[in-house]
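User: I'm new to this one, could you walk me through it slowly?
Analyst: Gladly, here it is, and we can start with a term we will need.

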Amino acid sequence: MRLPGLFAALVLLVAAAAPAAAQNRFWLQNNTGQTIVAANVSPSRVPEWGPNILLQGPLRPGMQVFVEPTFRDCYLDIRVRFADGTEDGHLGVHACTLSRITFGRDVPQAPAPPPPREREVERDDPSFVFVNRSGEPIREVYVSLTSQRSWGRDRLGPNQILPPGASMPIGLPRQGICTVDMRVVYMDGRILEQRNIETCSIRNYAWR
């Protein structure tokens, strides 16, 4: 009987007829030095912009977000709006041949540090700026006071990474405790922890 051969032929025919999904997914990187508050992605063939893709909140300088378009087009138009209301865009980008689309310099850069705070007045404030000096991108950051029993939420949020040299503010409650525990997850899944770090007397902490 030829049924197995006929079945295999039908499977190949269906597979050949089904359109392949376009590989138009990419990392959107903000290297502008300004916070991006909204970003829109649409196929170049349509005149309307798609919805804001930054559903998890603004994209701070030096950070990235992974974009997975709901359509299969390779040629995309991308528009971003900054916190000061100005806009920038890339038109006709061939996203199927790229893994990252950058606004600003095409290399990771550390965002400008926030203005120094007066520690003479805020000696019991454990908040600080976390700086990635490890030389590797980080996909998850957890920081909690040593008195807390859980790590709490991922400070980066879904689909965002902290490139080497980039930084992010870590806000912590003022409860008279100045020591914190830190945990990071790298892109390859490795987990490293540092505990009992005193942060009330510092503005920045370099993770290495």
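Analyst: A polar contact is a pair of N or O atoms within 3.5 Å; within protein, one must be able to donate a hydrogen and the other to accept it, and residues adjacent in sequence count only if both atoms are side-chain atoms. This is a predicted model, where local features need pLDDT of at least 70 and side-chain atom pairs count only at pLDDT 80 or more, while totals for chains, interfaces and linings use all residues. Residues are numbered from 1 along each chain as its sequence is written, and side-chain values use heavy atoms, with hydrogens and water left out.

User: OK, which backbone oxygens does the side chain of N24 reach?
Analyst: The side chain of N24 reaches the backbone oxygen of F71 at 2.9 Å, and that of D73 at 2.8 Å.

User: And is N24 buried or exposed?
Analyst: N24 is buried, with a relative accessible area of 2% (buried means under 20% relative accessible area, exposed over 50%, partly exposed in between, with a 1.4 Å probe and protein chains only). N24 sits in the loop between α1 (3-17) and β1 (26-31), where helices (H or I, at least four residues) and strands (E, at least two) are DSSP runs, numbered from the N terminus.

User: What does N24 touch?
Analyst: Leaving out residues up to four places away in sequence, N24 touches P69, F71, R72, D73, L76, A95 and C96, contact meaning heavy atoms within 4.5 Å.

User: Switching topic, how do the side chains along β13 point?
Analyst: In β13 (residues 204-207) they alternate, with Y205 and W207 on one face and buried, whereas N204 and A206 point to the other face and are not buried. Strand β7 (residues 128-132) runs parallel to β13 and is joined to it by 4 bridges; two strands pair if DSSP finds at least two bridges between them.

User: Which residue is the bridge partner of N132 there?
Analyst: The partner of N132 in β13 is W207.

User: How many aromatic pairs are there?
Analyst: The count comes to 3, where rings of Phe, Tyr and Trp (its six-membered ring) pair if their centres lie within 6.5 Å, and planes under 30 degrees apart count as stacked, over 60 as edge-to-face and the rest as tilted. One of them is the edge-to-face pair of F128 and Y205, at 6.4 Å centre to centre with 80° between the planes.

User: Why does that pair tie together parts that are 77 residues apart in sequence?
Analyst: Because F128 lies in strand β7 and Y205 in strand β13; both F128 and Y205 are buried.
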